[in-house]
Amino acid sequence: MRIAIVSPICWRTPPRHYGPWEMVASLVAEGLGETGEEVTLFATGDSITRGRLLWTCPRPLYEDPNLDSKVEEYLHVSSVFEEAKKGSFDLVHNHYDFMPLAFSRMVDTPVVTTIHGFSGPSILPVYRKYSGRVKYVSISNASRHPELEYIDTVYHGIPVEEYRFGEGRRDGLAYLGRIAPDKGTHLAIETSLAAGERLTIAGIVQDRDYFREMVEPHLDGDRVRYIGPIGIEGKNALLPSCVALLHMAPRPEAFGLSLVESMACGTPVVAYPYGSIPEVVEDGVTGRIVQDVREGVRAIAGVSSLDPRPIREWVKERFSRERMVQGYLGVYRRVLEEHTS
């Protein structure tokens with residue numbers, strides 16, 4: 001198959017540190033290439049792929065303030081469909097939210113869109129309008145919107161072998177992800193302090209006022225420290241030695257990629273139950289699902305007894321890159337069969 005993978009241009013593909021949508025787009029593209037598919041990646045000009053790279057935006061939008069984001073987005077997406085109109089692809093796989101949907105009827109090429117999340121209810125009319133033209137894939141059953149039709153759920157997958165397995169002495173807790181109210185960074189701090197455990201916070205600061213008011217006052221370099229955004233090397237230095245990863249997001253999670261990364265290292269997760277969390281975490285085996293800070297403190301005391309080997313095996317069985325790629329290949333075949341029938 002000739003597959004076009006459309007990645008966002010907010011960050012490089014794969015990202016240097018943060019960029020979950022770009023990370024998944026890269027893993028899908030590289031995994032498809034390993035299975036022998038012909039892959040074209042649409043991403044920033046500094047992106048890395050073993051397939052063919054086509055680009056219009058030279059650098060990530062979030063790394064160059066001189067770039068006009070709206071102009072670069074339209075140039076990026078239009079280039080995909082101009083190439084598709086030439087008959088270059090059997091299928092376009094979109095990881096770039098709703099904008100490519102508006103171009104989908106301009107070509108005959110089938111389009112699959114992975115819905116990584118909804119920025120808000122205002123974008124739903126676009127998804128509703130193109131629901132018959134574009135096939136939607138959810139990243140968890142919990143993330144499905146009741147007004148949309150989906151062809152399948154394909155869980156995110158990671159290259160488990162690239163994550164260092166830790167089975168030695170563990171100390172301290174980790175928080176990994178965007179620093180923003182909806183991710184509950186302040187709740188992770190509250191829980192770690194109540195448990196008497198040190199907390200290391202890693203991730204981009206998305207909401208600077210929130211960081212200044214709710215996070216920064218607790219940073220002392222010892223009980224609570226912030227190390228900034230980290231890539232896989234930083235994750236392999238942090239996660240395998242931690243007692244647990246805290247994910248106290250107070251709103252529904254679409255998937256939770258950082259949870260899978262932690263579990264790949266054999267490190268259990270303590271998380272609030274919203275959205276996809278019960279699909280990602282096996283309560284009592286790979287971590288604990290809790291309702292509030294008090295339960296979180298009790299869970300931290302108990303997760304140290306969990307065997308790290310079944311935690312890593314859980315990821316190998318359910319959230320490997322190979323399983324994700326095979327899931328998407330199944331979707332592609334179904335879409336192409338329907339398209340040619």
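**Two parallel sheets and the helices around them**

Hi everyone, let's begin in the middle of a sheet: strand β8, residues 173–176, and strand β11, residues 244–247, pair in the parallel sense over two bridges. Within that pairing, alanine 174 has leucine 245 in β11 as its bridge partner. Two terms before we go on: strands count as paired if DSSP finds at least two bridges between them, and helices (H or I, at least four residues) and strands (E, at least two) are DSSP runs, numbered from the N terminus.

A word on where this comes from. This is a predicted model, where local features need pLDDT of at least 70 and side-chain atom pairs count only at pLDDT 80 or more, while totals for chains, interfaces and linings use all residues. Residues are numbered from 1 along each chain as its sequence is written, and side-chain values use heavy atoms, with hydrogens and water left out.

Back to our sheet. Which strands make it up, and in what order? Six strands form an open sheet in the order β10-β9-β8-β11-β12-β13, with parallel pairing. β10 and β13 (287–289) are at the edges with a single partner strand each, so one side of each has no neighbour in the sheet. From one strand to the next, the twist averages 20 degrees. For angles in this talk, axes are lines fitted to C-alpha atoms, for helices over the stretch in contact, and angles run from 0 to 180 degrees between N-to-C directions.

Helix α9, residues 293–303, packs on this sheet and touches β8, β11, β12 (269–271) and β13. Its direction makes about 170 degrees with that of β12. By contact I mean heavy atoms within 4.5 Å.

Over at the β10 edge, four bridges join strand β9 (residues 199–202) to strand β10 (residues 224–228), and the two run parallel. Here threonine 200 has arginine 225 in β10 as its bridge partner. The chain gets from β9 to β10 through α5, and this β-α-β crossover is right-handed. Right-handed here means that, with the strands pointing away from the viewer, the path from the first strand over the helix to the second runs clockwise.

That brings in α5 itself. Helix α4 (residues 185–195) and helix α5 (residues 208–215) pack at an angle of about 15 degrees, with their axes 10 Å apart. That makes α4 roughly parallel to α5. The cut-offs are these: under 35 degrees is roughly parallel, over 145 roughly antiparallel, 65 to 115 roughly perpendicular, and the rest oblique. Thr185, His186 and Ile189 in α4 meet Tyr210, Met214 and Val215 in α5. By class, the residues of this contact divide into four nonpolar, two polar and no charged. For those classes, Ala, Val, Leu, Ile, Met, Phe, Trp, Tyr, Cys and Pro count as nonpolar, Asp, Glu, Lys and Arg as charged, and the others, Gly among them, as polar.

Now to the other sheet. Seven strands form an open sheet in the order β3-β2-β1-β4-β5-β6-β7, and the pairing is parallel. Its edge strands are β3 (52–54) and β7 (150–153), each pairing on one side only. The twist averages 25 degrees from one strand to the next. At the β3 edge, three bridges join strand β2 (residues 38–42) to β3, and threonine 40 stands opposite arginine 52 in β3. Helix α2, residues 69–85, packs on this sheet, touching β1 (2–6), β2, β3, β4 (91–94) and β5 (111–115), and its direction makes about 150 degrees with that of β2.

The loops have a couple of details to look for. Most residues other than glycine have a negative phi, and most peptide bonds are trans. The peptide bond from threonine 13 to proline 14 is cis, with omega near -5 degrees, and proline 14 is found in the loop between β1 and α1 (20–34). Aspartate 97, in the loop between β4 and β5, has a positive phi of about 60 degrees although it is not a glycine.

Last stop: how do α1 and helix α11 (residues 321–340) cross? Their axes come within 9 Å and cross at roughly 80 degrees, so α1 and α11 are roughly perpendicular to each other. Residues making the contact include Val24, Leu27 and Val28 of α1 and Met324, Val325 and Tyr328 of α11. By class, that contact has nine nonpolar, one polar and three charged residues. Thanks for listening!
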